[in-house]
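Biologist: I would like to learn how to read a model like this one. Can we go through it feature by feature?

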Amino acid sequence: MRVLISPSYGSAGTRRHWADTVDQFVDFTAPRYDTVLTTEQRDQLRALHEDGNARFWGATPAHDGKLADVVTGDVVLFTGQNQVRAIGEVGAIFRNRALADLLWPPQAGGQSWHTVYSLLDLVSTDIPYAELNAAIGYRPAHNFPGQMVLRGSKARSVLEAFMITPDTEWQTLVPQLIGRRSGIRDRDLVRIAAMEELRTHRTGYRRSRRLIVVDRREAVLVREYRQHLADRGLTAQRFYCASGISDIYVESIDGSEVIEAKSTASHLHVRQALAQLLDYGPHSPEPAQRLTGLFPEVPAREDVELLHRYGIDCVHRESPGIFRRLPAVSERRVIMREIWSGANRVAE
């Protein structure tokens, strides 16, 4: 998968383009647009945007080579004012100068846009350039002056760092997870994914119609705790299941552990973590020995007790790289473990 980095807020003209075709939808079935589309382009747009409306962005001919292998489902980071201001998922993509000139009329003597792509979805973000540079391995002051396309390890690093999953990736997985047939057990539908393969999260994210982008604070917490585990010789994974995707899954000599992270330790987020852990627990690839909520600070005493009531541990960040575990009473954990793994045994 590729990651596009597209400046979108630098000039007055670019901001006007954004207002015209990203802040609002374009009815591409209107005659003025429809007549300049080829049959293939029209079919591609209609297949992805059934209501005839889509957001659009594009690039000048100078970027044709960079965008040559970009396809539906690739991710685009829109940059400006020293931050990633939005993340989108590429829909239809093609070259059509006539359409581009209608969408973004060139200024006198200016260059026409050339490549046009629709957006399957768009999620607002506030990721500072410093964090994006760290994910790619660039110097902290790099300000992304022009269009870029990241591939390979750099693209994977960005998707992992900000826990991004386009709908096209998730939808290809869902049939594998819920497409039951005779003789298949729930545990057989589980897929383990290394952290660098998986870029999503099921809660604490802002989800619009398709694209999933994790809350930045939560993604940072997950990265820090993953490093904490690595320092202790443990490998953090996740697993896909019919209920969703876990945040962190760890196997050690003490057994398997399912961990759900939250961006705050508020009562609402503690309750969310509790519900998700109870939902994911029965689908653990190996019967879960621990379920754990991960928080950036210690929750209120009553909320820790709520987790402990269900045999769930609480881990919270004390200082950079330092985490403290508040374990549930072992007897309660043993009792609740029967519930965590009950669904698997029923399925088997």
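Modeller: This is a predicted model. Start with one residue, aspartate 74. Place it in the fold, then look at its surroundings. Aspartate 74 sits in the loop that links β3 (53-59) to β4 (75-80).

Biologist: Is aspartate 74 buried or exposed?

Modeller: Aspartate 74 has a relative accessible area of 2%. The cut-off for buried is under 20%, so aspartate 74 counts as buried.

Biologist: Which side chain makes a polar contact with aspartate 74?

Modeller: Arginine 2. The polar contact between the two side chains is 2.7 Å. Next, list what else aspartate 74 touches. Leaving out residues up to four places away in sequence, its contacts are Met1, Arg2, Leu4, Asp69, Gly88, Glu89 and Val90.

Biologist: Now the sheet. In what order do the strands lie?

Modeller: Read the order across the sheet, not along the chain. Here it is β2-β3-β6-β5-β4-β1-β7. These seven strands make an open sheet with mixed pairing.

Biologist: Why is one side of β2 and of β7 left without a neighbour in the sheet?

Modeller: β2 (26-27) and β7 (148-150) are the edge strands, and each has a single partner strand, so one side of each has no neighbour in the sheet.

Biologist: How do β5 and β6 pair?

Modeller: Check the direction, then the bridges. Strand β5 (residues 83-95) and strand β6 (residues 115-128) are antiparallel, with ten bridges. Two positions fix the register. Arginine 95 faces threonine 115 in β6. Valine 90 has leucine 119 of β6 as its bridge partner.

Biologist: How many bridges join β5 to β4?

Modeller: Six, and this pair also runs antiparallel. Here threonine 79 stands opposite valine 84 in β5. As for burial, β5 is mostly covered, with eleven of its 13 residues buried.

Biologist: What connects β4 and β5?

Modeller: A hairpin turn, with two residues between the strands. Look at the backbone there. Glutamine 81, in the loop between β4 and β5, has a phi near 55°, which is positive in a residue other than glycine. Its relative accessible area is 59%, so glutamine 81 is exposed.

Biologist: Where does phenylalanine 144 lie, given its positive phi?

Modeller: Phenylalanine 144 is in the loop between α5 and β7. Its phi is about 55°, and it is not a glycine. Phenylalanine 144 is buried, with a relative accessible area of 2%.

Biologist: Which strands does helix α3 lie across?

Modeller: Helix α3 (residues 39-48) lies across β3, β5 and β6. Its direction makes an angle of about 130° with β5. Compare helix α5 (residues 129-136). Helix α5 lies across β1 (3-7), β4, β5, β6 and β7, at about 110° to β6.

Biologist: Which residues of α3 are buried?

Modeller: Gln41, Arg42 and Leu45. Now look down the axis. The buried residues of α3 fall within an arc of 100°, so they line one face of the helix. They pack against α2 (31-34), β3, β5 and β6.

Biologist: And which exposed residues sit on the face of α3 turned away from that buried side?

Modeller: Thr39, Glu40 and Ala47 are the exposed residues there.

Biologist: How should I describe two packed helices?

Modeller: Give the angle between their axes and the distance between the axes. Take helix α9 (residues 267-280) and helix α10 (residues 301-309). Their axes come within 10 Å and cross at roughly 10°. Angles under 35 degrees count as roughly parallel, so α9 and α10 are roughly parallel to each other. On the α9 side, the contact is made by His267, Val270, Arg271 and Leu274. On the α10 side, Asp303, Leu306 and Leu307 take part.

Biologist: How many helices and strands are there in the chain?

Modeller: Twelve helices and 18 strands. The chain has 348 residues, of which 53% count as buried.

Biologist: What about the sequence separation of contacts in the chain?

Modeller: Take contacts between residues at least 6 apart in sequence. Of these, 69% join residues at least 24 apart.

Terms used: Residues numbered from 1 in each chain as written. Predicted model: local features only at pLDDT ≥ 70, side-chain atom pairs only at ≥ 80, totals over all residues. Heavy atoms only, no water. Helix = DSSP H or I, 4+ residues; strand = E, 2+ residues; numbered from the N terminus. Buried < 20%, exposed > 50% of the residue type's maximum accessible area, 1.4 Å probe, protein only. Polar contact = N/O pair within 3.5 Å; in protein donor to acceptor, adjacent residues only side chain to side chain. Contact = heavy atoms within 4.5 Å. Pairing = 2+ DSSP bridges. Axes fitted to C-alpha atoms, helices over the stretch in contact; angles between N-to-C directions. Arc of directions from axis to C-beta. Parallel < 35°, antiparallel > 145°, perpendicular 65-115°, else oblique.
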